[in-house]
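Biologist: Could you take me through this model step by step, giving the cut-offs as we go?

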Amino acid sequence: MAKISIDLGKGAIKEEQPNELIVGIDLGTTNSLIAFMKDGKPYALKDENGGNTLVPSVIHFDENQRATIGNSAKSYLIEDPLNTIYSVKRLMGKSYQDVDQVEGYLGYKIIDEDQERLVKVRVNDRFYTPIELSAQILAALKSRAEKVLGETVSKAVITVPAYFNDAQRQSTRDAGKLAGLDVLRIVNEPTAASLTYGIGLDMEEEKTVAVYDLGGGTFDISILHITQGIFEVLSTNGDTFLGGDDFDRAIMDFWIKENKLEVSTVNQDKSLSQSLRLKAEEAKKHLSTHDHFDAQIGTIHCQISKTQFESLIQPLINKTLAACQSALKDAKLEIEAIDQVILVGGSTRVPLVKASVEKCFGKKPFDAIDPDQVVALGAAIQADILAGNNKDLLLIDVTPLSMGIETIGGLIDVIIPRNSKVPVKAGRQYTTSVDGQVKLKIAVFQGERDMVQDNRKLGEFILEGIPPMAAGLPKIEIHFILDADGILTVKAQELRSGVSQSIQMRSQYGITEEEMGQMLLDSLKHAKSDMAIRALQEARVEAQNIILSSKKFLKNNVEILSEEERSTTQKLVDQLSESVKGEDKDLINKAMDELNEYTNPLAHRVMDHAISHAMKGKKID
Ligand code: ADP
Ligand code: MG
């Protein structure tokens with residue numbers, strides 16, 4: 001039966017549409033899954049054959065750059081490791097420096113031309129950002145859901161770890177957009193897990209819970225305080241490089257030792273190391289319910305007992321328990337204050353993990369719901385609340401559109417993302433781009449598109465009186481304060497001199513519901529081209545920097561470099577300059593890569609030369 005409501009503004013009667021489906025998505029490091037509500041209960045979506053709910057977060061690209069996602073991609077980990085991407089979540093919102101320690105462990109190529117920029121993944125001669133790769137996984141989940149449910153899926157709630165920062169959450173949001181999803185809310189994974197166990201659904205109850213999440217690549221412990229429908233994260237701790245993969249790795253190392261294999265030989269043979277890795281995972285899962293595992297890969301004997309396995313992983317589990325203690329300390333809580341412990345993640349199926357957690361908290365943890373599904377199910381429950389199907393539940397107030405300022409290249413830099421709880425305060429530091437700059441124009445925009453011209457301008461002001469300094473020296477802090485009524489105050493302050501300015505603007509003033517809806521629709525429609533423009537702009541800026549530094553390099557090292565080295569470098573620089581004029585970001589990236597590959601050894605030689613030069617004439621005693 002259709003419901004009828006009255007629009008008081010227009011005095012019109014409108015018929016309410018039946019509530020549309022909003023799905024919940026757990027975008028995991030190792031596995032992803034999608035869940036939905038039916039008759040008031042959450043279900044994890046099974047594949048077309050009614051089997052698996054988990055979609056391995058693995059993407060394989062064939063020679064035509066066509067992507068396969070999930071189980072069918074997983075087998076390529078052995079056959080075609082260079083073109084098979086996994087653990088993308090580890091790279092979200094990260095620079096190369098942040099992920100340095102895993103590179104040897106990943107079978108594919110991460111681009112490392114610039115230590116401080118966001119990472120990219122190279123497949124053949126194409127470059128992908130972690131956002132694009134995550135979008136592939138989300139798009140696969142979306143189309144799987146559409147096939148199975150027989151309806152269009154365009155709205156979703158996606159979960160992220162509680163510790164994810166702004167850049168990581170924003171990247172997740174962008175990935176959703178790129179996959180054609182309107183991401184209504186980014187929800188913390190521990191919040192979703194609690195909801196699945198019904199915690200937080202009763203407005204009267206007040207609870208403190210610990211969510212212990214041991215997945216494939218990461219360990220998270222979160223302490224939440226839940227009252228009146230508000231989930232407050234008291235503390236988080238964990239290890240972004242500790243999970244079931246490390247259990248696999250431990251078994252693999254054990255076999256390498258037992259079979260007296262050379263570690264370096266195994267590491268170089270990516271196919272062999274992947275076979276061992278998959279076999280080790282099989283062994284681990286087997287040992288969750290058996291006492292012994294025995295198999296063979298060629299001439300390599302792969303056997304291990306449960307006791308041996310447990311002694312290998314005990315130190316890793318101990319690390320997780322220490323993190324739990326730190327989380328309690330940060331939350332200023334004694335262990336007795338924890339009302340419930342919830343187990344999340346496939347690795348909590350390992351009996352020693354369960355037993356250790358129980359001992360640590362002195363409480364039997366909640367493990368009745370499938371630990372792989374508990375997060376996605378909670379996301380579906382949250383989606384249902386957002387869809388308005390659970391009217392008694394209070395919704396925390398959020399900002400409907402993102403707010404940010406204009407930066408170089410006409411891009412918007414979001415300071416308060418859409419759906420932030422209000423009141424909220426957020427800030428970021430900027431600097432000048434020209435020497436001696438004494439004024440800075442701060443233009444404030446609202447909307448979801450990447451270029452400011454496509455968003456709505458809220459206002460602008462000029463910060464004056466910056467003492468003249470070299471470009472990059474002034475530290476200009478810009479703060480956005482959004483109060484509960486949607487009134488935005490923007491403050492700008494140059495920290496070295498203390499000059500400051502502020503302005504108040506009303507963000508929602510004059511914008512109608514329809515306009516807001518249209519802006520969101522536009523952002524969805526244009527998400528692909530926006531992302532492409534942004535990626536192109538970023539590649540161009542990066543290329544310009546490299547061109548400049550290469551020119552300097554050539555000029556300063558005329559004597560050290562050979563004629564041929566100089567001319568080849570110059571040729572590659574010209575090629576890069578040429579590519580920047582075009583519109584093809586992959587071509588720019590490729591040219592950058594070639595130039596870097598060629599000049600890296602030269603740069604090393606120049607450095608060695610400089611060092612030996614400096615040592616000359618110095619006595620060493
Ligand atoms: P993520 O949240 O990182 O995507 P999941 O929660 O899906 O990860 O957990 C994946 C991890 O769980 C993998 O390391 C996998 O090997 C492990 N796992 C799955 N089932 C079992 C099992 N029965 N016993 C032990 N480990 C398991
Ligand atoms: Mg997970």
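**Strands, cores and cysteines**

Modeller: A hairpin joins S15 to S16 through four residues, where strands (E, at least two residues) and helices (H or I, at least four) are DSSP runs numbered from the N terminus. This is a predicted model, in which local features need pLDDT of at least 70 and side-chain atom pairs count only at pLDDT 80 or more, while totals for chains, interfaces and linings use all residues. Residues are numbered from 1 along each chain as its sequence is written, chains are lettered from A and ligands numbered from 1 in the order in which they are written, and side-chain values use heavy atoms, with hydrogens and water left out.

Biologist: Over how many bridges do S15 and strand S16 pair?

Modeller: Two strands count as paired if DSSP finds at least two bridges between them. Strand S16 covers residues 219-227 and runs antiparallel to S15, with Val-211 standing opposite Ser-222 in S16. The number of bridges between S15 and S16 is nine.

Biologist: In which sense do S15 and strand S20 pair, parallel or antiparallel?

Modeller: Strand S20 spans residues 340-344 and shares five bridges with S15. One residue pair here is Val-209 with its bridge partner in S20, Gln-340. The sense of the S15 and S20 pairing is parallel.

Biologist: Why is strand S15 described as largely enclosed by the rest of the structure?

Modeller: A residue is buried under 20% relative accessible area, exposed over 50% and partly exposed in between, with a 1.4 Å probe and protein chains only. Strand S15 takes in residues 206-214, and it is largely enclosed because the buried ones among its nine residues number eight.

Biologist: Which strands stand at the edges of the open sheet S8-S7-S9?

Modeller: The three strands of this open sheet are ordered S8-S7-S9 with antiparallel pairing. Strand S7 (residues 59-61) pairs with S9 over two bridges, and His-60 has Thr-84 as its bridge partner in S9. An edge strand has a single partner strand, so one side of it is left without a neighbour in the sheet, and this applies to S8 (67-69) and S9 (84-85).

Biologist: At about what angle to S7 does helix H4 run?

Modeller: Axes are lines fitted to C-alpha atoms, for helices over the stretch in contact (heavy atoms within 4.5 Å), and angles run from 0 to 180 degrees between N-to-C directions. Helix H4, residues 130-149, lies across S7, S8 and S9, and its angle to S7 is about 105°.

Biologist: Which element gives the largest share of the largest nonpolar core?

Modeller: A nonpolar core is a set of buried Ala, Val, Leu, Ile, Met, Phe, Trp, Tyr and Cys residues joined through side-chain atoms within 4.5 Å. The largest one has 47 residues, and those touching the most other members include Val-23, Ile-25 and Leu-138. Seven residues, the largest share of this core, come from H4.

Biologist: Why do Cys-324 and Cys-360 form no bond, and how far apart are their sulfurs?

Modeller: A disulfide is a pair of cysteine sulfur atoms within 2.5 Å, and the structure holds zero of them. Cys-324 is buried at 1% relative accessibility, and Cys-360 is buried too, at 17%. The closest cysteine sulfur to that of Cys-324 is in Cys-360, and they form no bond because the distance is too far, at 5.1 Å.

Biologist: Is Asp-450 buried or exposed?

Modeller: Asp-450 is placed in the loop between strand S24 (439-446) and strand S25 (456-464). Not counting residues up to four places away in sequence, Asp-450 touches Gly-410, Leu-411, Ile-412, Asp-530, Met-531 and Arg-534. With a relative accessible area of 6%, Asp-450 is buried.
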